[in-house]
Amino acid sequence: MSVILKAQTEIKVRFNEVDSLRIVWHGHYVKYLEEAREAFGAKYEMGYLDVEKHGFVSPIVKVDIDYKQQLRYGDTVIAEAEYVNTAAAKLMFKYRLYRKSDGVQVAKAKTIQVFLDIKNLELSLNHPAFGIEWKKKWGLIEDS
């Protein structure tokens, strides 16, 4: 199946995110990824609260960011998150961050989240039932 689920959000670079040269500090890009994931969760009903209501939490276990260009104070960044469909019991996203004014890509990234049982924080080795239903709803797997 070739269903693509993605969402994006606009973020205005704030003064408290830049260094003395008015360039965004590299650590703030992780917040931009988070905002893109929040937009995705709201659009596709797979936000942190959605996961939690099914008895799970989904912490980040891997972040990979490839910085391409600088963002500066006053820029607006478009942060786009795209779900990577996998049979594994995890949430994988790839991201594209680009400057709104000229469309230049400033970074690309990937994250991996796992499912932990909220009661005992044990890792779920199988995709939770709600996740399978979610995939069916959005056409990522066929309803058998």
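The exercises below, each with a worked solution, concern the fold, the strand pairing and the aromatic contacts of a predicted model.

Residues are numbered from 1 along each chain as its sequence is written. In this predicted model, local features need pLDDT of at least 70 and side-chain atom pairs count only at pLDDT 80 or more, whereas totals for chains, interfaces and linings use all residues, and side-chain values use heavy atoms, with hydrogens and water left out.

**Exercise 1. Describe the overall fold of the protein.**

Step 1. Begin with the elements: the protein has three helices and seven strands, where helices (H or I, at least four residues) and strands (E, at least two) are DSSP runs numbered from the N terminus.
Step 2. Along the sequence, these elements follow the pattern β-α-α-β-β-β-β-β-β-α.
Step 3. For the extent, the C-alpha atoms fill a box of roughly 55 × 35 × 20 Å, taken along the principal axes.
Step 4. Of the 144 residues, 40% are buried, a word that means under 20% relative accessible area, while exposed means over 50% and partly exposed lies in between (1.4 Å probe, protein chains only).

**Exercise 2. Work out how β4 is placed among its neighbours.**

Step 1. Consider cover: eight of the nine residues of β4 are buried.
Step 2. Turn to pairing, for which DSSP must find at least two bridges between two strands; β1 and β4 run antiparallel and are joined by seven bridges, and A7 has A81 in β4 as its bridge partner.
Step 3. Strand β5 (residues 90–99) is also antiparallel to β4, with eight bridges between them, and I78 stands opposite Y98 of β5.
Step 4. β4 and β5 form a hairpin, with five residues between the two strands.
Step 5. At Y98, look also at the ring face, over which R96 lies at 4.1 Å from the ring centre; such a placement requires NZ of Lys or CZ of Arg within 6 Å of the ring centre and within 35 degrees of the ring normal.

**Exercise 3. Analyse two aromatic pairs and one aromatic cluster.**

Step 1. Rings of Phe, Tyr and Trp (its six-membered ring) pair if their centres lie within 6.5 Å, and planes under 30 degrees apart count as stacked, over 60 as edge-to-face and the rest as tilted.
Step 2. A search of the whole structure gives 14 aromatic pairs. One of them is the edge-to-face pair of F15 and Y73, with 5.4 Å centre to centre and 80° between the planes.
Step 3. This pair links distant parts of the chain, 58 residues apart, since F15 lies in the loop between β1 (6–12) and α1 (28–44) and Y73 in the loop between β3 and β4 (76–84).
Step 4. F15 counts as exposed because its relative accessibility is 51%, whereas Y73, at 40%, counts as partly exposed.
Step 5. Y29 and Y67 are also edge-to-face, at 5.0 Å centre to centre and 85° between the planes. Y29 belongs to helix α1 and Y67 to strand β3, so this pair ties together parts that are 38 residues apart in sequence.
Step 6. Y29 is buried at 2% relative accessibility, while Y67 is partly exposed, with a relative accessible area of 37%.
Step 7. One aromatic cluster is formed by F40, Y44, Y83, F93, Y95, W134 and W138.
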